[in-house]
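Have a look at this one with me, and let's talk it through in questions and answers. Where should we start?

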Amino acid sequence: MEAKYDIGDLVILNEFGRIVLESKTSPLGLVTSKPKSLCYPLFHNVNEDPFYYWAYDILVGNQLLTDVPQEFLDRMVEIE
């Protein structure tokens, strides 16, 4: 999977995104970091294969959300 967002991208929260973030002031968010490739679990476990995903830092109003997975962000924003 490729990274969809980049630093400086503006995202518009949908109803689900506003409910999750309890954002009553601004439906807008700003991507404040480049895509980060993260891994779960953080430590190698013989019983689990690692899962890699893209994550971003997002500024909504005065709230900074760190390491938001791309799949979750996709569910929280308006589709163009």
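**Talking through the fold**

Reader: Is Asp74 buried, partly exposed or exposed?
Author: This is a predicted model, where local features need pLDDT of at least 70, side-chain atom pairs count only at pLDDT 80 or more, and totals for chains, interfaces and linings use all residues. Residues are numbered from 1 along each chain as its sequence is written, and side-chain values use heavy atoms, with hydrogens and water left out. Buried means under 20% relative accessible area and exposed means over 50%, with partly exposed in between (1.4 Å probe, protein chains only). Asp74 has a relative accessible area of 23%, so the label is partly exposed.

Reader: Okay, and which element holds Asp74?
Author: Helices (H or I, at least four residues) and strands (E, at least two) are DSSP runs, numbered from the N terminus. The protein has 2 helices and 5 strands, in the order β-α-β-β-β-β-α along the sequence. The place of Asp74 is in helix 2.

Reader: Which residues does Asp74 touch, leaving aside neighbours within four places in sequence?
Author: A contact here means heavy atoms within 4.5 Å. There's also a polar contact (a pair of N or O atoms within 3.5 Å; within protein, one must be able to donate a hydrogen and the other to accept it, and residues adjacent in sequence count only if both atoms are side-chain atoms). Asp74 makes one of those, side chain to side chain, with Tyr5 at 2.7 Å. With those close neighbours set aside, Asp74 is in contact with Lys4 and Tyr5.

Reader: How far apart in sequence are the parts that Asp74 and Lys4 tie together?
Author: A salt bridge is a side-chain nitrogen of Lys or Arg within 4 Å of a carboxyl oxygen of Asp or Glu. Asp74 forms one with Lys4, and their closest N and O atoms are 3.1 Å apart. Asp74 lies in helix 2 (residues 70-76) and Lys4 in the segment before strand 1 (10-12), so the pair joins parts separated in sequence by 70 residues.

Reader: Why can side chains pair up like that? And how many salt bridges does a search of the whole structure find?
Author: They can pair because opposite charges may be brought together when the charged atoms come close. Searching the whole structure turns up a total of 3.

Reader: Which residues are joined with Lys36 into one network?
Author: Lys36 bridges to Asp57, with the closest N and O atoms 2.8 Å apart; that links strand 3 (residues 36-40) to strand 4 (residues 51-60). Lys36 also bridges to Asp67, with the closest N and O atoms 2.6 Å apart; here strand 3 is linked to strand 5 (residues 63-69). Salt bridges that share partners therefore put Lys36 in one network with Asp57 and Asp67.

Reader: Is Asp57 buried or exposed?
Author: Lys36 is partly exposed at 25% relative accessibility, and Asp67 is partly exposed at 35%. Asp57 comes in at 15%, so Asp57 counts as buried.

Reader: Which residue's backbone nitrogen does the side chain of Ser33 reach?
Author: Ser33 lies in the loop between strand 2 and strand 3, and at 9% relative accessibility Ser33 counts as buried. Ser33 is in contact, outside its neighbours within four places in sequence, with residues including Asp6 and Tyr56. At 2.8 Å, its side chain reaches the backbone nitrogen of Asp57.

Reader: What is the relative accessibility of Val31?
Author: Val31 lies in strand 2 (residues 28-31). Leaving aside neighbours within four places in sequence, its contacts include Tyr5, Val11, Tyr56 and Ile58. Val31 counts as buried, with a relative accessibility of 1%.

Reader: Which strand supplies the largest share of the largest nonpolar core?
Author: A nonpolar core is a set of buried Ala, Val, Leu, Ile, Met, Phe, Trp, Tyr and Cys residues joined through side-chain atoms within 4.5 Å. The largest one has 13 residues, and those touching the most other members are Tyr5, Leu21, Val31, Tyr56, Ile58, Val60 and Leu73. Strand 4, strand 5 and helix 2 each give at least two residues. The largest share, 3 residues, comes from strand 4.

Reader: And what percentage of the 80 residues is buried?
Author: In soluble globular proteins, nonpolar side chains tend to be buried together. In this protein, the buried share of the 80 residues is 31%.
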